[in-house]
Amino acid sequence: MRTLFYTIHPKQNSFSFAMANKYKEISEEKNFKVEMLDLYRDENQQPFFTYENANELVVTKEMKYYQNSISNADEIVFVFPYWWGSMPAILKNFFDWNLSKGFAFKYVNSRPKGLLQGKTVKIFTTTGAPHFIYMLTGANRRLKNMFKEQIIEFCGMKLTECNIFGGVDTSAKNTAKILSKIK
């Protein structure tokens, strides 16, 4: 089993990295081959995706690098903070560049067909406000459905976990409890 981690947080000693490292440790105990990529510090960081990028379909060396990593993975794990009701912009930019037509999906009779069959995806994200706030407002459901239906399944993959941990703040009062839930 090959697990590919994308850790998306501008602060290296963030709780996102603690969650990623915990899951990495568990994966390695199961003898999984693990690759961790940090979108904020990776040497293959991509510029902002533009209209011209979408229409020219130029494959860059960075795209080849990330798409090769995705191709070689059985399981892909995204770990990020839940900001402004969504993912960090750098992750959206990553999707725009790398989950491209011809690699991640194609259209057959005007319908999308996912090309990344057999891959599973797990999401670990944190919020500052308590979990129940996001449940009451429907924000958790929206985030999960956006990832599941509009990104992951669209590309032929399967979402196996969407973990949204609330109440994570700088006091770190509930972080040990959250880390114990990561299996």
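Residues are called buried when their relative accessible area is under 20%, exposed when it is over 50%, and partly exposed in between, with a 1.4 Å probe and protein chains only. The structure described here is a predicted model, in which local features need pLDDT of at least 70 and side-chain atom pairs count only at pLDDT 80 or more, whereas totals for chains, interfaces and linings use all residues. Residues are numbered from 1 along each chain as its sequence is written, and side-chain values use heavy atoms, with hydrogens and water left out.

The cysteines were examined with regard to disulfides, a disulfide being a pair of cysteine sulfur atoms within 2.5 Å. By this rule the count is zero. Cys 162 is partly exposed because its relative accessibility is 21%, and its sulfur lies 16 Å from the closest cysteine sulfur, that of Cys 155, which is too far for a bond. Cys 155, by contrast, is buried, with a relative accessible area of 3%.

Aromatic pairs were sought among the rings of Phe, Tyr and Trp (its six-membered ring), which pair if their centres lie within 6.5 Å and count as stacked with planes under 30 degrees apart, as edge-to-face over 60 and as tilted for the rest. The whole structure contains 15 such pairs. One of them joins Tyr 82 and Tyr 134 in a tilted arrangement, with 5.4 Å centre to centre and 35° between the planes. Because Tyr 82 lies in the loop between strand 3 (75-81) and helix 4 (89-98), while Tyr 134 belongs to helix 5, this pair ties together parts that are 52 residues apart in sequence; helices (H or I, at least four residues) and strands (E, at least two) are DSSP runs numbered from the N terminus. Both Tyr 82 and Tyr 134 are buried. Elsewhere, ring pairs link Tyr 6, Tyr 65, Tyr 66, Phe 78, Phe 80, Phe 94, Phe 95 and Phe 147 into a cluster.

Helix 4 also holds Asn 93, which counts as buried at 8% relative accessibility. When neighbours within four places in sequence are left aside, Asn 93 is in contact (heavy atoms within 4.5 Å) with Gln 46, Pro 47, Phe 48 and Phe 49.

Leu 136, in turn, is placed in helix 5, which spans residues 131-137, and its relative accessibility of 70% makes this residue exposed.
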